[in-house]
Amino acid sequence: MSNSETRRGLIEKVWAAAWGHGDVDALDQLLSPAYLRHGTDRHPQDLNAFKASIVSTRAAFPDLVTTIDDIVLEGDRAAIRWHSSGTHETSFLGVPATKRRVDASGATFARFEGDRIVEEHVTWDPRALLSALGIIRVGQD
């Protein structure tokens, strides 16, 4: 099995465990202890903060399903396109439960050192989530 095939399989396995089943300790198989995740916040998340964000997201959206649409691997880099859907059942980021079904999508760009990801840059549109929850209106006159 090639290094790319091994990495692809590990990404798919760990994402399914963490995002799909809430087993955030599975991330230890894929992410370095020095892991940093850059996203919509000004400061990057470390591994423990990322695990906590998955736990809180899954608590708010207990039926959350995250699907990997594409993985492109080249050298020490991975690009992962994904989408998620779930029902907003409990408070999330200060927003009380709306009971609405929401969809979100984005991309994660990862950098490996050896067999572990040390850094990710995640891009997605949080306005789309807030719009789906009925908190803001996007694209309306």
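Strands S4 and S5 run antiparallel and are joined by 11 bridges; here strands (E, at least two residues) and helices (H or I, at least four) are DSSP runs numbered from the N terminus, and two strands count as paired if DSSP finds at least two bridges between them. The model is a predicted one, with local features requiring pLDDT of at least 70 and side-chain atom pairs pLDDT 80 or more, while totals for chains, interfaces and linings use all residues. Residues are numbered from 1 along each chain as its sequence is written, and side-chain values use heavy atoms, with hydrogens and water left out.

Within the S4-S5 pairing, Ser 84 has Ala 104 in S5 as its bridge partner. The wider picture is an open sheet of six strands with mixed pairing, in the order S2-S1-S6-S5-S4-S3. Strand S2 (45-46) and S3 occupy the edges and have a single partner strand each, so one side of each is left without a neighbour in the sheet. As a helpful reminder, strands of a sheet pair through backbone hydrogen bonds, in either the parallel or the antiparallel sense.

Two hairpins can be followed along the chain. In one, strand S3 (residues 65-74) and strand S4 (residues 77-87) run antiparallel and are joined by nine bridges. Two residues separate S3 from S4 in this hairpin, and Gly 75 in the turn has a positive phi of about 60°. Asp 70 stands opposite Arg 81 in S4. In the other, S5 and S6 are antiparallel and connected by eight bridges. This hairpin also has two residues between its strands, and Gly 114 in the turn shows a positive phi of about 65°. Across the S5-S6 pairing, Glu 113 faces Arg 116 in S6, and Arg 111 stands opposite Glu 119 in S6.

The pairing of S1 with S6, by contrast, is parallel, over four bridges. Leu 36 stands opposite Glu 119 in S6, and Arg 37 stands opposite Glu 120 in S6.

Helix H1 lies across S3, S4 and S5 and runs at about 160° to S3; contact means heavy atoms within 4.5 Å, and angles, from 0 to 180 degrees, are taken between the N-to-C directions of axes fitted to C-alpha atoms, for helices over the stretch in contact.

Salt bridges (a side-chain nitrogen of Lys or Arg within 4 Å of a carboxyl oxygen of Asp or Glu) number 10 in the structure. One of them joins the side chains of Lys 51 and Asp 28, at 2.8 Å from N to O. Lys 51 belongs to helix H2 and Asp 28 to the loop between H1 and S1, so this pair ties together parts that are 23 residues apart in sequence.

Empty space was searched on a 1 Å grid over the protein atoms alone: a cavity is a set of points where a 1.4 Å probe fits but cannot get out, a pocket is an open set with protein on both sides within 12 Å along at least five of seven lines, and lining residues have an atom within 4 Å of a point. The largest pocket has a volume of about 700 Å³. Its lining comprises 31 residues, with Trp 19, Arg 37, Thr 57, Phe 92 and Trp 124 nearest the centre. Elements that each supply at least two lining residues include helix H1 (3-21), strand S1 (31-38) and helix H2 (47-60).

One cavity of 30 Å³ or more is found in the whole structure, and the largest cavity holds about 40 Å³ of space. The largest cavity is lined by Trp 15, Trp 19, Leu 27, Leu 30, Leu 31, Phe 50 and Glu 120.

Note on methods
Grid points are joined across faces, edges and corners, and a volume is the space filled by probe spheres set on the points.
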